[in-house]
Amino acid sequence: MTGLPILEISGLHKSYGAVQAVDDVSLHVNRGEICGLIGPNGSGKSTFFDCATGLSRPNAGTVKLDGQDITGWSLNRIAREGRMLRSFQKTVVFSALDVEENLVIAGQMFTFPGLWSTFGIGAMARARVEALRERAREFIKIAGLWDVRHQPAGKLSGGQQKLIQFASMLMPEPKLILLDEPMAGINPKLIERVVESIRFANEKFGVSFLVIEHNIDVVTDICERIVVLDQGRKLAEGTPDEIVRNQAVREAYLGG
Amino acid sequence: MSPNDLSLPAPRRDLRLPFGAALAAAACLAPLFLGSYSLHAIIIALIFLLPAHGLNLLVGYTGLLSLAQAAFFGIGAYTSGLMAVHFGTPFYLNFLAAGLLAGAIALPLGIPALRLRATSFVMCTLGFVIIGQAIAKNWIGLTRGDMGLSGIPKPYFALGPASFTISGTTSFYYLVLVIAVIGTLAAYLIVRSAAGRNMVAIRENETLAESVGIPTWRYKLVVFMISAAFAGLGGSIYAHYLTVVSPLTFQMYYSTTMLIIVLGGGAGTISGVVFGSLLFVGLSEALRVAPEVRMIAYGLCLLALVFWFPKGFAPLIDRFWSFLRERK
């Protein structure tokens, strides 16, 4: 593990009209680390995520991935060329397509060298898709979705869709995954499963994580380091122990 | 146990292949059984099949509603007509040029149009048809305006020293049939490719598609161009079949007909569009026997369709297909 952080964001600003949603926030994620990002509702976490992943453009600041400046890149380019994947707060899947197709699509742009090659109909293109299908089936087995793999993803439960989303992000051998509230709206049994999945990806594939999460028990459990945002600014940063003991954090977030 | 109980169940026979063969035979032998008017109706249906396939890639697979098909249909028809009249080039050259030019013109039109959101995009594509018609009417030096281009030769092939002209309805039918089969195969290969899967992903959820690395905007532009090329190819055959083109080729009527074929047949399916073009164009042509009530009857048929088959005929075709497969 080299000392260089995998993700380094410095001086990020984003405003909507007069509202400073994110005000001069700097944050880094070390290689192989699971980093938490917490803060009360409206503290700018999601805006920060959107700016970091190219869904919206920051007003100022730089985003560096693996030493490369990716500020202003589009969402699809950051995913494709940077192998930095993200999830969405509201779980989304390709509803009309079955589970297997969902995962194959998630991997396609990483095995085909470009847009034109995806129109290919030759043996090479078929072999590429077949390899993706194999990989998809492995993940489907691990995620426990084997029996429903040919069902439309939209027909499955919220928890199952969450697992599909997570498996989709693992398809392209990502360097870094940004999770936006992975535990929101799922039952305790499934929370354990998602936690396991994160640990699995982190240990087995060396994926680094930045996780927005409200469930403080989960965050302190899986994260090595936590960053706290409040009103668009960075309030604190430290190990889970330090954060839980931090007086300012307790007042702003944990309710004293 | 009586001996009867020991008899094996009737073997499951897959009827898809025999059915396909029967369909192919029917298509090949149709001129023997059909009168020249019915044959003409089928020719028109097969000509419209190409633009419909193109539109289906856009509407059914990528989720972009477009009314621009008539514009590219007209561009294809004029390209072919002008080349044939002025340079006497053989059919296959005109045909390819029509597809290429329509596809190429879609590039500068698509770049601004695809920046627009759903409804604005539809209005913009409608504008392309109107602009196309205005140009065809007013650029008299090139298009002869409202007089139109006449005397476009029937498809003429020249391969080395040999040359021949397709003049009769029957031979034209076979030419269009071959082109329609190739076009259908091309559309099928596109939707079955990795790109086809990405197109469906864009239709299902554009932001999610972006997040898995799919350059959605570039895909939409490419599909818009392919769709236009299909329309241009259709326009080319149309010009060579009717031997005249006029500004009326740029008509909303054509765009809506193609849309009816796709939505009525079954958007997002290849077989639905084939069925749709035969049904709707065939129906429209067949109703010409009663010109007074033709459009009223056509409209009533569409209303009935919307009520009883909101997803088009694709689900019915699917059911029929699995009936052939699972027959016990």
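So, how many residues of chain B are in contact with chain A, and how many of chain A with chain B? On B's side the count is 22 residues, and they touch 28 residues of chain A. Bear in mind that we're looking at a predicted model here.

Let's stay with chain B for a moment. Which elements give two or more residues to its side of the contact? Those are α8 (169–192), α9 (194–204), α10 (206–211) and α11 (216–242) of chain B. The largest share comes from α9(B), with 7 residues. As for chemistry, that side of chain B splits into 12 nonpolar, 6 polar and 4 charged residues.

Okay, over to chain A. You've got 9 helices and 10 strands in there. Its radius of gyration is 19 Å, and the globule rule gives 18 Å for 256 residues, so chain A is as compact as a globular protein of that length. If you want a box for it, the C-alpha atoms of chain A fill roughly 60 × 40 × 40 Å along the principal axes.

Inside chain A, 42% of the 256 residues count as buried. Then take the contacts between residues at least 6 apart in sequence: in chain A, 70% of those join residues at least 24 apart.

Last thing, confidence. Chain A has a mean pLDDT of 89, with 97% of its residues at 70 or more. Where does the mean drop lowest among the elements of chain A? That's helix α9 of chain A, residues 247–254, at 76. Helix α3 of chain A, residues 99–111, has the highest mean, at 95.

Conventions. Residues are numbered from 1 along each chain as its sequence is written. Chains are lettered from A and ligands numbered from 1 in the order in which they are written. This is a predicted model: local features need pLDDT of at least 70, side-chain atom pairs count only at pLDDT 80 or more; totals for chains, interfaces and linings use all residues. Helices (H or I, at least four residues) and strands (E, at least two) are DSSP runs, numbered from the N terminus. The radius of gyration is taken over C-alpha atoms; the globule rule is 2.2 Å times the number of residues to the power 0.38. A residue is buried if 20 or more other C-beta atoms lie within 10 Å of its own, exposed if 12 or fewer, and partly exposed in between; C-beta atoms are placed from the backbone. Two residues are in contact if their C-beta atoms, placed from the backbone, lie within 7 Å. Ala, Val, Leu, Ile, Met, Phe, Trp, Tyr, Cys and Pro count as nonpolar, Asp, Glu, Lys and Arg as charged, and the others, Gly among them, as polar. pLDDT is the predictor's confidence in each residue, from 0 to 100.
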